[in-house]
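I opened a fresh page for this one. My plan was to look up how two chains meet and then jot down what turned up.

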Amino acid sequence: MTLAQLPVGESARIAAVGGEGALRRRLLDMGLTPGTIVMVRKIAPMGDPIELHLRGYELTLRLEDAQNITLVEMPKVEEAQG
Amino acid sequence: MVFALAGNQNSGKTTLFNQLTGSNQHVGNFPGVTVDKKEGIIRDHTTGEHHFGPRSWGHERHKRSEIPPRAPATVVDLPGIYSLSPYTSEEIVTRDFLIDGKPDGIINIVDATNIERNLYLTLQLIELGIPMVIALNMMDEMRANGNTVDVNGLEKELGVPVVPISAAKNEGIDELIEHALRAAEHRECPRRQDFCSGAVHRCIHGIAHMIEDHAQAAGVPPYFAATKLVEGDEPMQKRLHLTDNELDLIGHSVTEMETELGTDREAALADMRYSFIEKLCAATVVKHGESREHTRSVQLDKVLTGKYTGIPIFLLIMLAVFWLTFGVIGTFLSDVLSAGIDALTAAVGAGLDAYGINPVVRSLVIDGVFAGVGSVLSFLPIIVTLFFFLSMLEDSGYMARVAFVMDKLLRKIGLSGRSFVPMLIGFGCSVPAIMATRTLSSDRDRKMTILLTPFMSCSAKLPIYAVFTAAFFPQHGALAMIVLYVSGMAVGVLAGLVMKSTLYKGNPVPFVMELPNYRVPSAKSVLLLMWDKAKDFLTRAFTVIFVATIIIWFLQTFDTRLNVVTDSSASILAGLGHLLAPLFAPLGFTDWRAATALITGFSAKEAVVSTMAVLTGTNISELGMALQGIFTPLSAASFLAFTLLYSPCVAAIAAVKREMHSGFAAAWVALAQCLIAWVFAFAVFQVGSLFV
């Protein structure tokens, strides 16, 4: 499952961050590293981008970019922290 | 002594910069890019309220003389960035400044309420081995929420001094200045650079040893160079002039590390830094759940970016800003200002008459200088008011939400939601719209937005539309207006698509953006920004725009033999109109008066209508009749299409030049817009001719 498929309000742990170049580096720099727990807070009114909660702050990214982030298959068990 | 102020966006960096320097600052730009470079002199902290060390008020004067005099220290405000990666122009500019600008110290601002992500940049700055102080900002918010940070623990683990401050409340700034000066004077470099362990540690150290000579020759700190090589940073590889053999060895070492960790180089380093930070924060930061500010932001966002409420509220806010700026406050202030200018003009005019001055000089002063600069000055209240609202929206954190809500609309033309507001302002006036692109965080987006803004039909063109539609399409006035505005946008979208696949083909900066907590904007920052924009505009009004008005006056007043004309149709300007008229023949309007009016429209779009009135010898109310003698409905449509798209006025061109840092770009905008307008009007007339 990728971050783009995670339903609103649910949290999951990041397994891997794909993609390349500037985008991938940016995702990593903003704290989307493997092992981090992210929560999808909402989807923008026009259906894209999405708003995430991680490491105690809010981050927005586009669905097509969120597809690069794969999740550990066990949502619902864990709660977002911070 | 020079300090670099570095930190994340939304960390309170601008507020701190303003506290450090007061109004003692000036804005330039980094070479080659449109990234702002703000510099200022650090204020004399020894006269501040919070003294460093024991000192009693009674002995103030006596004590102060004991302090050895210090050379003034300068602080350079670097762009707000999250990492020293080699991708965006902001990050590259920061790296280059820190390495080649040889600052004596770094002041790194860290938002204590968002400490994990903020420290990520800190770890990379420490690698540079430059004396550094951490300004731990928003400590007032932390305290108010009952949260604490073990400052000593943080200091010990990071190996650099940490000063708790509140930039918004001006707390701890004197201590910060004192620590920064001391660190720089004693060359106190970070006591620790190595935050990694295991495979990453071995890899970085091996490479650091190997490239030490290269790094020193290239003037780059070896440890920093090594980390960047491990990350696969291309600019660093080029800079160090490594041999093929060395590159092979590095590649081999990195592959070894990747295999051992089961991940790639970039992820390994990001993970290493964040793992260290997580441990550090667990040991030094005590947080009791969500802060009030965060909870409040989440609540506000339920409405402000809500599924059904987000867009309507955005439109309402923009409508209110427009109405207040262009309708209420701006017009009121403009009226007051123009009343003042009129009074001054009358007084000066009377004075000149009484003196019996040469009528040409009188005309130069009154019709040229006063009328020209006066009309430009009437923009000023609008600009100041608009930037008051814009900086409120920006500083409160709402602008990031606009980008979030509107992103999808602009994505097709290769821009992000951030460009939406400047373009929207373009419907009011291109000048502040172009100036507002300064808030965009990417150089590429900024340039593209500047080039697209003139396609948004500005309000000064409204009188032209009004006169023409009333004369030629009285039954379909509203429809004609809508068609005009929509055509402008449509051509803009086309231009955007073309630019995206030609001029700005490269990868757009990824839209991965923080949504900061909502905060009350600081009055000082808002006022400083307004002052800055006003100063900026006034400088241009009295240079470029002033010269342009004088030229137009000259062309209007004299004939080719430099005699003062009595009949406006004999002026050089009219001659130019005659000369250019054939160019417009394929567009359906051959009358020289149309061409002349378009030329004066270059100084200000309102001038198109007034010139038409002067040249046809009518007043505005009879102008419609006169126009019917010059244009057919079809050629009027073609003329409107041309006015919609042709070169922006001189004030806007000057703004383009200022924001793009390029006279060439400004000239290109003027020329390209004229070409586009010609083609579009040509299409309107030729296609229309098939049906009429």
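Here are my notes, starting with the ground rules.

**Ground rules.** I'm working with a predicted model, where local features need pLDDT of at least 70, side-chain atom pairs count only at pLDDT 80 or more, and totals for chains, interfaces and linings use all residues. Residues are numbered from 1 along each chain as its sequence is written, chains are lettered from A and ligands numbered from 1 in the order in which they are written, and side-chain values use heavy atoms, with hydrogens and water left out.

**Where the chains touch.** I looked up the contact (heavy atoms within 4.5 Å) and found 44 residues from chain B and 33 residues from chain A. The buried area came next; that's the accessible area (1.4 Å probe) that two parts lose on being put together, summed over both. Between chain B and chain A it is about 3,600 Å², and carbon and sulfur atoms give 57% of that. I noted that B:Phe404, B:Arg411 and B:Val512 supply 19% of the area chain B buries against chain A, more than any other three residues.

**Charges and polar pairs.** How many salt bridges are there between chain B and chain A? I got eight, counting a side-chain nitrogen of Lys or Arg within 4 Å of a carboxyl oxygen of Asp or Glu. One that I zoomed in on joins A:Arg55 to B:Glu116, with the closest N and O atoms 2.9 Å apart.

**Who's on chain B's side.** I used helices (H or I, at least four residues) and strands (E, at least two), which are DSSP runs numbered from the N terminus. Elements giving two or more residues to the side of chain B that touches chain A include α4 (115–126), α14 (310–355) and β10 (512–514) of chain B. The one giving the most is α17(B), with seven residues.

**Strands.** Two strands pair if DSSP finds at least two bridges between them. I was pleased to spot a pairing across the chains: β4 (residues 57–61) of chain A and β10(B) run antiparallel over three bridges. In that pairing, B:Met513 is the bridge partner of A:Thr60.

Within chain A, I checked β1 (residues 11–17) against β2 (residues 37–43), and they pair in the antiparallel sense over three bridges. There, A:Ser11 has A:Met39 as its bridge partner. β1(A) is also joined by three bridges to β5 (residues 69–71) of chain A, again antiparallel. A:Ala16 stands opposite A:Thr70 in β5(A).
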